[in-house]
2 protein chains.
Amino acid sequence: MTAATRETSAQDERREQMLAAAVEVICERGFAETRIADVATRANASPALVIYYFGTKDGLLTAAFRHSEEKFYRSTSELMAAQPDARAKLESLVRVTCVKQGRDEVPGAWGLWLDLWVQAFRHPELSKDRAVFDRRWAVTIEDVVREGQGAGEFGEIDVEEFAISFAALMDGLSIQVALDDEIVDSTRALAVAMGFAARALGFTWVPPGRAGADSSRRNKDRQRSESTAPRAAKLPRSAR
Amino acid sequence: MTAATRETSAQDERREQMLAAAVEVICERGFAETRIADVATRANASPALVIYYFGTKDGLLTAAFRHSEEKFYRSTSELMAAQPDARAKLESLVRVTCVKQGRDEVPGAWGLWLDLWVQAFRHPELSKDRAVFDRRWAVTIEDVVREGQGAGEFGEIDVEEFAISFAALMDGLSIQVALDDEIVDSTRALAVAMGFAARALGFTWVPPGRAGADSSRRNKDRQRSESTAPRAAKLPRSAR
DNA sequence: TACCGTTGACTGACTGTTCAGTCTAAACGT
DNA sequence: ACGTTTAGACTGAACAGTCAGTCAACGGTA
């Protein structure tokens with residue numbers, strides 16, 4: 001609020017503006033199809049000014065990725081703080097990643113994740129960023145689990161192992177949802193992820209909205225696969 | 001084998017040659033950085049000839065994706081047929097996706113998967129291809145599970161649900177491995193995936209090569225997290 | 001004046017695609 | 001058996017469009 005702050009915020013505001021514009025364009029058109037001119041237009045600036053601020057196109061896009069990651073991390077932290085218990089926190093994590101349109105989230109934000117993976121696969125610097133960001137994500141999960149264990153909500157299991165599994169599961173499910181898979185939609189992904197967590201951590205979880213209208217096709221498939229495998233449960237060795 | 005077959009194979013060979021070259025270039029440089037000149041050079045042809053065969057760059061790259069998917073599907077089928085029992089088949093599936101350098105596999109094939117997701121996210125036609133390919137993958141898993149259930153190796157659980165979970169888990173783990181994550185490497189990914197399957201299907205699985213030389217750092221991490229979560233299992237309500 | 005954010009105009013490099021034609025080998029007519 | 005025609009694979013060269021990055025100048029401010 002002081003004069004000094006406002007002075008720096010003049011350029012920083014511009015910078016933020018451009019980064020936000022870049023994130024939007026990447027989400028809409030995709031990383032490879034993002035042109036400096038698009039970002040400049042959306043930020044009400046000239047292409048030359050974008051170069052003036054970020055030096056190069058790669059600089060801009062890398063900064064945009066970092067910006068988006070940071071924003072996501074902060075919004076997730078706030079979301080966690082707003083949940084009453086560990087179970088609600090866990091479900092929130094799943095909803096953020098596996099359910100379409102996380103409210104105020106930018107549409108097409110999934111594409112940005114996929115693009116980030118592709119870029120991290122080849123650009124070593126972005127690979128580092130992704131690694132620390134993934135570690136943050138894992139730590140977030142671990143903290144929630146430890147909180148739940150402390151409160152007696154969850155059972156005592158290997159926290160790190162669970163975090164790896166759960167994070168991988170959510171990544172895989174979110175891909176399906178992002179790619180509009182017919183079988184694995186948001187509802188199914190949520191159910192699968194929470195079902196896994198409930199089994200592993202030892203709590204009960206019931207899917208919301210039992211009287212859903214979209215259960216017709218899915219029930220048919222499940223019944224078919226169940227009839228293929230008759231109910232007589234004869235678990236072999238080490239059922240535990 | 002007839003003359004007619006050999007005549008068509010003249011052009012089909014060239015086509016295959018170009019597709020193979022395209023897949024290689026995509027794996028090496030990435031989808032966005034693939035130029036038709038690169039593909040042409042690798043196939044000992046001129047850029048014009050590539051257009052002559054595929055009409056457009058998009059046509060080439062789309063065909064290359066399909067080609068690669070098909071090849072992967074066939075090689076997986078053969079691999080499955082060569083395994084003695086369902087447990088070995090399951091482990092083979094995990095190894096194919098989560099362990100680096102699947103023998104004769106093209107290096108950098110993971111990048112092709114990531115690129116396929118990115119392209120499928122925006123190009124509706126490729127989205128269709130990915131969907132049917134993913135369905136194939138799920139069916140492969142389901143078949144293995146049913147075989148194992150029939151032979152008494154696996155317990156009787158919801159096959160479709162398991163396939164969705166297991167496929168998503170492998171996708172997520174393979175991303176970590178592909179991106180050279182420090183925590184989730186090939187060994188860890190294999191252990192996590194097979195551990196999940198073993199728990200869900202009720203069989204025992206022991207990680208291979210206990211006295212491995214590459215277990216120094218990993219053991220340290222695991223021990224730390226284990227000491228954080230002491231072994232005294234006090235599962236709360238509704239365990240299992 | 002000196003500085004800095006800003007820009008329009010420009011350029012140099014890259015690249016997908018076209019096109020006019022070349023080469024080869026089979027098909028054909030005689 | 002032999003010249004001619006045809007068809008199709010193939011190419012070098014050029015075209016046309018795109019786009020990241022440069023640069024000299026301009027205007028406001030300290």
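Is Asp180(A) buried, exposed or partly exposed? Here are some notes on this predicted model, for which local features need pLDDT of at least 70, side-chain atom pairs count only at pLDDT 80 or more, and totals for chains, interfaces and linings use all residues. Residues are numbered from 1 along each chain as its sequence is written, while chains are lettered from A and ligands numbered from 1 in the order in which they are written.

1. Asp180(A) counts as partly exposed because it has 15 C-beta neighbours inside 10 Å. (With C-beta atoms placed from the backbone, a residue is buried if 20 or more others lie within 10 Å of its own, exposed if 12 or fewer, and partly exposed in between.) Asp180(A) sits in the loop between helix 8 (159-178) and helix 9 (186-201) of chain A, helices being DSSP runs of H or I with at least four residues, numbered from the N terminus. Asp180(A) is not a glycine, yet its phi is positive, at about 60°.

2. Asn44(A) is another non-glycine residue with a positive phi, here about 55°. Its place is the loop between helix 2 and helix 3 of chain A, and it counts as exposed, with 11 C-beta neighbours inside 10 Å. Most residues other than glycine have a negative phi.

3. Do have a look at helix 9 of chain A. Its 16 residues should span 22 Å at 1.5 Å a residue, and the end C-alpha atoms are indeed 22 Å apart; the expected span is 1.5 Å times one less than the number of residues. Its buried residues include Arg188(A), Leu190(A), Met194(A) and Phe196(A). Among the elements covering them are helix 7 (124-150) of chain A and helix 8 (159-178) of chain B. Just after this helix, Gly202(A) takes a positive phi of about 75°.

4. In chain B, helix 5 (residues 86-98) has buried residues that include Arg87(B), Lys89(B), Leu90(B) and Cys98(B). Viewed down the helix axis, the buried residues fall within an arc of 165°, so they line one face of helix 5 of chain B; the arc is that of the directions from the axis to the C-beta atoms. They pack against helices 4 (57-81), 7 (124-150), 8 and 9 (186-201) of chain B, where contact means C-beta atoms, placed from the backbone, within 7 Å.

5. Finally, the DNA. Among the 15 residues around DNA strand D, those that come nearest are Ile36(A), Lys57(A), Ser46(B), Ala48(B) and Leu49(B); near means a C-beta atom, placed from the backbone, within 6 Å.

Conventions. Helix = DSSP H or I, 4+ residues; strand = E, 2+ residues; numbered from the N terminus. Contact = placed C-beta atoms within 7 Å.
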